[in-house]
Amino acid sequence: MKSDKEKLQVLNNLVLHYGFQYWWEDENRISDWVSMILIQQTTEKNAHKALANLEPYLTVESLHEMELETLQELIRPAGFFTQKSNYIKALISWFISHDSDFDKFRAYSTEALRKELLMIKGVGSETADAMLLYIFERNVFIADQYAIRLFNRLGFGPYKTYEEMRKDFNHLTDGIPHDLCKEWHAAIDVHGKHFGKDKNMDESFLIS
């Protein structure tokens, strides 16, 4: 079993190596929020195309009032557009049920908010944690496939499931700056994409 100090060393070395990525920092939080649905099971390029189509309508009111068929047509480039249109509608309806007010959620504990998000159609563990981290500004660890593969390769695992790894890493986010917490996730994914192109990459710099 590797120590928390060793886990932190890997995470901080990743951020040092790749630098800050500044993901999901649009002034319009609805834009970032919807993009978290669009990015599911597709490429970043296709998600961006769908988001660009939605650009004139990225308000709670417009998305709520929009006909489902119109929404499906606009997000078609992201694939699974029938499912995703329903997920976006469910997300917006949930937000409206909370008066469309982000400030209201400040009173929620992170775990209570996570449970609520997981009840929204189309929001699984990874998407819920991305929303917590980037939309609601909560420190959480996103144990996605890039994270699981990386830490298994480095001998920290074996982690088999999202929740298993999250349970082992989430406490590391306590007390660190929120900006750094966001960059841990970004750096893991950027590194994972680089490794995917070069399976012989020397990763020893992460643990030295």
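Reader: Which residues touch the most other members of the largest nonpolar core?

Author: In this predicted model, Trp33, Leu38, Leu117 and Phe151 do, out of the 69 residues in that core. The largest share, eight residues, comes from helix H11 (residues 178-197).

Reader: What makes you say where this core lies relative to domain 1 and domain 2?

Author: Look at who contributes. Domain 1 (4-22 + 143-206) and domain 2 (29-135) both give residues to the core, so the core lies between them.

Reader: How do you know where one domain stops and the other starts?

Author: Those bounds come from the domain assignment of the protein, which gives domain 1 as 4-22 + 143-206 and domain 2 as 29-135. Their centres, taken over C-alpha atoms, are 25 Å apart. The contact between them takes 10 residues from domain 1 and eight residues from domain 2.

Reader: Back to Leu38. What is Leu38 in contact with, leaving aside its neighbours within four places in sequence?

Author: Ala47, Ala50, Leu51, Leu54, Ile75, Ala78, Lys84 and Ile88. To count as a contact, heavy atoms have to be within 4.5 Å. Leu38 also belongs to a helix pairing: Ser31, Val34, Ser35 and Leu38 in H2 meet Ala47, Ala50, Leu51 and Leu54 in H3.

Reader: Why are H2 and H3 called oblique to each other?

Author: Check the angle. The axes of H2 (residues 29-38) and H3 (residues 44-54) cross at roughly 140°, coming within 10 Å. Roughly antiparallel needs an angle over 145 degrees, and roughly perpendicular runs from 65 to 115. The value fits neither range, so H2 and H3 are oblique. As for handedness, H2 passes H3 in a right-handed crossing.

Reader: What makes H2 count as mostly covered?

Author: Nine of its 10 residues are buried. They are Ile30, Ser31, Asp32, Trp33, Val34, Ser35, Met36, Ile37 and Leu38. What covers them includes H3, helix H4 (60-65), helix H6 (81-97) and helix H8 (125-134).

Reader: And Arg114: buried or exposed, and how do you know?

Author: Set the value against the cut-off. Buried means under 20% relative accessible area, and Arg114 has 7%, so Arg114 is buried. You'll find Arg114 in helix H7 (residues 110-118).

Reader: Which residues is Arg114 in contact with, leaving aside its neighbours within four places in sequence?

Author: Ser125, Asp129, Leu132, Tyr162, Glu163 and Arg166.

Note on methods
Residues are numbered from 1 along each chain as its sequence is written. This is a predicted model: local features need pLDDT of at least 70, side-chain atom pairs count only at pLDDT 80 or more; totals for chains, interfaces and linings use all residues. Side-chain values use heavy atoms; hydrogens and water are left out. A nonpolar core is a set of buried Ala, Val, Leu, Ile, Met, Phe, Trp, Tyr and Cys residues joined through side-chain atoms within 4.5 Å. Buried means under 20% relative accessible area, exposed over 50%, partly exposed in between (1.4 Å probe, protein chains only). Helices (H or I, at least four residues) and strands (E, at least two) are DSSP runs, numbered from the N terminus. Domain bounds come from an automatic or database domain assignment. Axes are lines fitted to C-alpha atoms, for helices over the stretch in contact, and angles run from 0 to 180 degrees between N-to-C directions. A crossing is left-handed if the near helix is turned anticlockwise from the far one by less than a right angle, and right-handed if clockwise.
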